[in-house]
Amino acid sequence: MTTAPAGPGLKPATMAEALRRALRDAMADDPAVHVLGEDVGTLGGVFRITDGLAKEFGEDRCVDTPLAEAGIMGTAVGMAMYGLRPVVEMQFDAFAYPAFEQLVSHVSRMRNRTRGAMPMPLTVRVPYGGGIGGVEHHSDSSEAYYAATPGLHVVTPATVADAYGLLRAAIASDDPVVFLEPKRLYWSKAAWDPERPDEVPGIGRAVVRRRGTSATLITYGPALPVCMEAAEAAVDEGWDLEVVDLRSLVPFDEETVCASVRRTGRAVVVHEAPGFGGPGGEVAARVTERCFHHLEAPVLRVTGFDIPYPPPMLEKHHLPGVDRVLDAVARLQWESDWTERTPGTAAATDDESGAR
């Protein structure tokens, strides 16, 4: 996703640059903000998101840790309990699994356990998703685990502006936030002014990225560019697709999503995570419950397959693409003059078979 500069102070910036600036500004504004993780200091992180922070703020605030994710998370819990605002980097998505017990048993429950007396201002940054040719344990979409854990906020940006704005909001939150960063979008560019970053909606608010009338594509994170491309390609097929970027899985913006589906009458949920037990099932259920009398067809899903992440040479077949999205749109039980006249559609095929 690349846009050209459109005004004074704007210049092309990557999502990685926006995330780095968000961390830097948060650390400058609040001495309680500390960054910790594997290789975040001298190296600046595998994806260089923390580059320069140790030099500017010192190694006691940008801390290189041992290769021990459970220890990193447990340390961060203690830091948050004592009034600091730790920002943990889990180097890759599947590397975070050893820390999951700490996340479920302590991070997600501490505020409830203490009847609100002890906040848990902890941000867990997780580079996630495929599309970079990574091997196993480097390309998982594990958002369903976090979204199914009460007490956690789960956020994933898909634009440069959201990368900065949502990360600042996550660090400022007194609730724990799992901040999922789409690895394949780290180098996506947009016009952005780091000195005057755009204000963006906060955590828990979805955004309509493209207006349409035929059907709604509901998506987030790395699948947003795919849906935007599919919406443009759909114009040639006679469909005008609306695209909703969730931005937050938890809290879920039911109002924006359902308002869109009520307008269009049809919906497809798109994400990289496996379909069975994935976030798309919850989204589809909520939309069906609340928009049933407005739906012209069942809510469909386009997802990763229900398999462990495949080898790099096969990931293009695993990840949702434009063709798979358009195939799902074509299955939304269209009943219109366009459908009946177009060769190859269900209605046309029925007529042709009847004629024979």
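Arg85 is buried, with a relative accessible area of 18%. That value puts Arg85 in the buried class because the cut-off is under 20%. The model is predicted. Arg85 forms a salt bridge with Asp30. Asp30 is partly exposed, at 25% relative accessibility. The two residues are 55 apart along the chain: Asp30 sits in the loop between α1 and β2, Arg85 in strand β4.

The salt-bridge count comes to 25. Three pairs are set out here.

| Pair | Closest N to O | Apart in sequence |
|---|---|---|
| Asp30 and Arg85 | 3.9 Å | 55 residues |
| Arg209 and Asp162 | 2.7 Å | 47 residues |
| Glu254 and Arg290 | 2.6 Å | 36 residues |

Arg209 belongs to strand β9 and Asp162 to helix α7, so their bridge ties these parts together. Asp162 is buried, at 2%. Arg209 is partly exposed, at 28%.

Glu254 lies in helix α9 and Arg290 in helix α10. Both are partly exposed: Glu254 at 23%, Arg290 at 33%.

Salt bridges also link Arg21, Arg24, Asp25, Glu56 and Glu195 in a network.

Now to α10 itself. Helix α10 covers residues 279-291 and has 13 residues. From first C-alpha to last, α10 reaches 18 Å, close to the expected 18 Å. Its buried residues are Pro279, Gly280, Val283, Ala284, Val287 and Cys291. Seen down the axis of α10, they fall within an arc of 130 degrees, so they line one face of the helix. In an α-helix, residues three or four places apart point the same way, because there are 3.6 residues a turn. The elements covering the buried residues of α10 include α6, β10, β12, α9, β13 and β14.

Key: Residues are numbered from 1 along each chain as its sequence is written. This is a predicted model: local features need pLDDT of at least 70, side-chain atom pairs count only at pLDDT 80 or more; totals for chains, interfaces and linings use all residues. Side-chain values use heavy atoms; hydrogens and water are left out. Helices (H or I, at least four residues) and strands (E, at least two) are DSSP runs, numbered from the N terminus. The expected span of a helix is 1.5 Å times one less than its number of residues. Buried means under 20% relative accessible area, exposed over 50%, partly exposed in between (1.4 Å probe, protein chains only). The arc is that of the directions from the helix axis to the C-beta atoms. Contact means heavy atoms within 4.5 Å. A salt bridge is a side-chain nitrogen of Lys or Arg within 4 Å of a carboxyl oxygen of Asp or Glu.
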